[in-house]
Amino acid sequence: MAHSLAGGACPLRCSPFPSSSTAPGATLAAPPRPRRRVLASASSPPAAPAIEGRGVGLSVMTRRGRVLPVLKGCSLSVPQGQLWMLLGPNGCGKSTLLKVVMPTVESDVAFGLGKLNLSLDEVRSRVSKSLDAVGMLSYSQRPIQTLSGGQKQRVAIAGALAEASKVLLLDELTTFLDEHDQMGVIKAIKNAVAADGEVAALWVTHRLEELTYADGAIYMEDGEIIVQGDASTMSRFIKKKQARYFGHFEF
Ligand SMILES: Nc1ncnc2c1ncn2[C@@H]1O[C@H](COP(=O)(O)OP(=O)(O)OP(=O)(O)O)[C@@H](O)[C@H]1O
């Protein structure tokens, strides 16, 4: 099974598991008197919720030390297989609510396993092994939206590993990442490949320093593979090529 991941924004995935959540560090406020109405068709049978929040409250501290309630006892339920819109005037709390009901790292990785008909124990085991392989096990319960770009990439890689993908096709995963996140992602891939022994990865990059982590490399020009070999051979080849290129210029 091959799994392709591209750089840039991580695809947002919804949890297969119902969850209610609050943002880390959020102050839970006592819910005010309910001001909500639930309108439902009497004929529609209740579907299992895919996104669920119960009594979610969140307050932030202003610079002047005032506690500002942003979310006040919000309860919502979006059934599986349906598209719902979150509406309301500017500043009413839509984006904040979206952030706090996002899936956790754990449920995001489990998402792809829904199609495999596995037992819950097997799902849990695969999720924790793959998160461990990319160094993200301690983040299992964190909402995806609270992660850095590099951490999101590592969670996406864990998702591919959990599905037992034997081939990882990785396109410029580190382009928009800072150096710390870049190292985290490349080490995660390196560990995952080394730990399993059966996984192979092909990594598209412009960052030549990443060659240090590779076992081998392939160099292309104008639609053709010019040379391929082990990492040290390829490193020498690239350095010679760069020297020839810079030799054309007089400084
Ligand atoms: N970290 C924060 N510190 C201070 N105020 C905050 C913080 N987060 C959210 N708010 C305030 O909470 C309110 C809700 O913000 P939010 O962005 O969720 O609203 P929204 O409904 O998505 O708005 P819009 O439709 O304009 O995008 C706003 O008044 C915003 O200024």
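Let's start with two helices: α4 and α5 pass each other in a right-handed crossing. This is a predicted model, so treat everything here as computed from it. The axes of α4 and α5 come within 8 Å and cross at roughly 15°. Angles under 35 degrees count as roughly parallel, so that label fits α4 and α5. On the α4 side, the residues making the contact are Gly 149, Gly 150, Gln 153, Arg 154, Ile 157 and Leu 161. On the α5 side they are Asp 181, Gln 182, Gly 184, Val 185, Ala 188, Ile 189 and Ala 192.

Helix α4 has another partner, α3. The axes of α3 and α4 also come within 8 Å, but here they cross at roughly 135°. That angle makes α3 and α4 oblique to each other. The crossing of α3 and α4 is right-handed. From α3, Arg 126, Val 127, Ser 130, Leu 131 and Ala 133 take part, and they meet Ala 158, Leu 161 and Ala 162 of α4.

**The chain as a whole**

Now step back a bit. The chain has six helices and seven strands. Going along the sequence, you'd read them off as β-β-β-α-α-α-α-β-α-β-β-β-α. There are 251 residues in the chain, and 25% of them count as buried. If you take the contacts between residues at least 6 apart in sequence, 68% of those join residues at least 24 apart.

**What sits in the core?**

In soluble globular proteins, nonpolar side chains tend to be buried together. In this model, the largest nonpolar core has 37 residues. Which members touch the most other members? They are Val 109, Val 134, Ile 157, Ala 158 and Ile 189. The elements giving two or more residues to this core are the strands β2 (49–61), β3 (67–79) and β4 (167–171), along with the helices α1 (94–100), α2 (105–111), α3 (120–133), α4 (149–162) and α5 (179–196). Helix α4 shows up again here, as it gives the most to this core, with seven residues. The core also draws at least three residues from each of domain 1 (2–11 + 106–214) and domain 2 (49–102).

Val 134 is a good core member to look up in the structure. Skip its neighbours within four places in sequence, and Val 134 is in contact with Arg 154, Ile 157, Ala 158, Ala 188 and Ala 192.

**Two neighbours in α4**

Ala 158 is in helix α4. Is Ala 158 buried or exposed? It counts as buried, because it has 29 C-beta neighbours inside 10 Å. Beyond the residues within four places in sequence, Ala 158 is in contact with Val 109, Ser 130, Leu 131, Ala 133, Val 134 and Met 136. Ala 158 and Val 127 are 31 residues apart along the chain, yet their C-alpha atoms are separated by 7.6 Å.

Gly 159 lies in α4 too. Gly 159 is buried, with 26 other C-beta atoms within 10 Å. Not counting residues up to four places away in sequence, Gly 159 touches Asp 108, Val 109, Phe 111 and Gly 112. Gly 159 and Ser 130 are 29 residues apart in sequence, but from C-alpha to C-alpha they are 7.3 Å apart in space.

**Out in the loops**

Most residues other than glycine have a negative phi. Asn 117 has a positive phi, near 55°, and Asp 222 has a positive one of about 50°. Asn 117 sits in the loop between α2 and α3, while Asp 222 sits in the loop between β6 (216–221) and β7 (224–230).

A third loop residue is Glu 210, found between β5 (200–204) and β6. Glu 210 touches Ile 186 and Thr 205, leaving out residues up to four places away in sequence. The C-alpha atoms of Glu 210 and Met 183 are separated by 8.8 Å, with their positions 27 residues apart along the chain.

How do these three loop residues come out for exposure?

| Residue | C-beta atoms within 10 Å | Class |
|---|---|---|
| Asn 117 | 7 other C-beta atoms | exposed |
| Asp 222 | 5 C-beta neighbours | exposed |
| Glu 210 | 18 other C-beta atoms | partly exposed |

Definitions and conventions:
Residues numbered from 1 in each chain as written. Predicted model: local features only at pLDDT ≥ 70, side-chain atom pairs only at ≥ 80, totals over all residues. Core = buried A, V, L, I, M, F, W, Y, C linked by C-beta atoms within 7 Å. Buried ≥ 20, exposed ≤ 12 C-beta atoms within 10 Å, placed from the backbone. Helix = DSSP H or I, 4+ residues; strand = E, 2+ residues; numbered from the N terminus. Domains from an automatic or database assignment. Contact = placed C-beta atoms within 7 Å. Axes fitted to C-alpha atoms, helices over the stretch in contact; angles between N-to-C directions. Parallel < 35°, antiparallel > 145°, perpendicular 65-115°, else oblique. Left-handed = near helix turned anticlockwise from the far one by under 90°.
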